[in-house]
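User: Please take a close look at one part of this model: the start of the chain and whatever meets it. Short sentences are fine.

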Amino acid sequence: MRVIENNRELLRYQLYELGDLAGFVQYGMQGDELWLHYTQLKRRYKSAELIEELLLHVLEDARRRRLAVMPFCPAMRLFIGDHPQYRRLVPEAWQERFLAPRSDLHSPMDKVRYTGSPKRRSTAAQGHQAVPSSPEPSLAASRQPRLSGA
């Protein structure tokens, strides 16, 4: 079950997936302006559906509370660009800066910060030994393949 809540102490909209904090949108308040700083998601929850649900919730909450939105978050800027019904939440004087026409093919998912390590290949797990970065000449020579029959 998914739950999105506004944690006013930490100034972030938090997305929970089955009780685990999956991600959040960090924000600040300046009067009646909601300054959206960045979106962060745990790598194992990387999903366009989750990101869209979180960003939609933030924008709908801002609309309901009659707040102006300052989308410093790159994912939110792209999202608003894809959903023009939310453009009017951005103050008109700032729309040119924040909502310039897109010249790239990025999606909001490409602009989210992901936490947690991606799976990496470990040389130790593969049975390889570390090779010194600058071996001594005698060691380097002993590693040269020997030619037979010369």
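Analyst: A residue is called buried under 20% relative accessible area and exposed over 50%; partly exposed lies in between. The model is predicted.

Begin with the loop between S1 and S2. Leu11 sits there. Its relative accessible area is 32%, so Leu11 is partly exposed. The backbone of Leu11 has a positive phi, near 55°, although the residue is not a glycine. Most residues other than glycine have a negative phi.

A second leucine has a phi of positive sign. It is Leu18, with a value near 50°. Leu18 belongs to the loop between S2 and S3. Its relative accessibility is 69%, so Leu18 counts as exposed. Leu18 also contributes to a nonpolar surface patch, together with Met1 and Val3. That patch covers about 360 Å².

Now move to S2 itself. This strand spans residues 12-17, and Arg12 lies in it. Arg12 is buried but has no salt bridge. Which side chain of opposite charge is nearest to Arg12? It is Glu5, 8.2 Å away. A salt bridge needs a side-chain nitrogen of Lys or Arg within 4 Å of a carboxyl oxygen of Asp or Glu, so the 8.2 Å between Arg12 and Glu5 does not qualify.

What does the side chain of Arg12 have instead? It makes a polar contact with the side chain of Gln14, at 2.8 Å. Arg12 also has contacts beyond its neighbours within four places in sequence. Glu5, Asn6 and Asn7 are among them. So are Leu21, Phe24, Val25, Gln26 and Tyr27.

Next, the charged pairs. Side chains of opposite charge can pair when their charged atoms come close. The whole structure holds eight salt bridges. One of them joins Arg2 to Glu53, with 2.9 Å between the closest N and O atoms. This pair links distant parts of the chain. Arg2 is in strand S1 (residues 2-7), while Glu53 is in helix H1 (residues 48-64). The two are 51 residues apart. Arg2 has a relative accessible area of 29%, so it is partly exposed. Glu53 is partly exposed too, at 31%.

The side chains of Asp20 and Lys42 form another salt bridge, 3.0 Å from N to O. Asp20 lies in strand S3 (residues 20-30) and Lys42 in strand S4 (residues 33-42), so this pair ties together parts 22 residues apart in sequence. Asp20 is partly exposed, with a relative accessible area of 22%. Lys42 is partly exposed as well, at 24%.

For a pair away from the start of the chain, take Asp61 and Arg65. Their side chains meet in a salt bridge at 3.2 Å, N to O. Asp61 or Arg65: which is buried and which is partly exposed? Asp61 is at 9% relative accessibility, so it counts as buried. Arg65, at 26%, is partly exposed. Elsewhere, salt bridges with shared partners connect Arg2, Glu17, Glu49 and Glu53 in one network. The pair of Arg2 and Glu53 described above is therefore between two members of that network.

Helix H1 also meets the start of the chain through a histidine. His57 is located in helix H1. Its C-alpha atom is 7.6 Å from that of Ile4, across 53 residues of chain. Leaving out residues up to four places away in sequence, His57 touches Ile4 and Tyr13. His57 is partly exposed, with a relative accessible area of 29%.

H1 has a further role as cover. It is among the elements that cover the buried residues of H2, along with S4 and strand S5 (68-71). Those buried residues are Ala75, Met76, Leu78, Phe79 and Ile80. H2 runs over residues 74-82, and Pro74 lies in it. Pro74 is partly exposed, with a relative accessible area of 30%. Its C-alpha atom is 8.9 Å from that of Phe98, which is 24 residues apart from it along the chain.

Back to the start of the chain, in brief. Arg2 of S1 has its salt bridge to Glu53 of H1. Ile4 is touched by His57. Arg12 stays buried and without a salt bridge.

Technical notes: Residues numbered from 1 in each chain as written. Predicted model: local features only at pLDDT ≥ 70, side-chain atom pairs only at ≥ 80, totals over all residues. Heavy atoms only, no water. Helix = DSSP H or I, 4+ residues; strand = E, 2+ residues; numbered from the N terminus. Buried < 20%, exposed > 50% of the residue type's maximum accessible area, 1.4 Å probe, protein only. Lys, Arg positive; Asp, Glu negative; His and termini not counted. Polar contact = N/O pair within 3.5 Å; in protein donor to acceptor, adjacent residues only side chain to side chain. Contact = heavy atoms within 4.5 Å. Patch = residues over 30% accessible without salt bridge, like charges linked within 9 Å, V, L, I, M, F, W, Y side chains within 5 Å. Areas by Shrake-Rupley, 256 points an atom, 1.4 Å probe, with all protein chains shown as cover.
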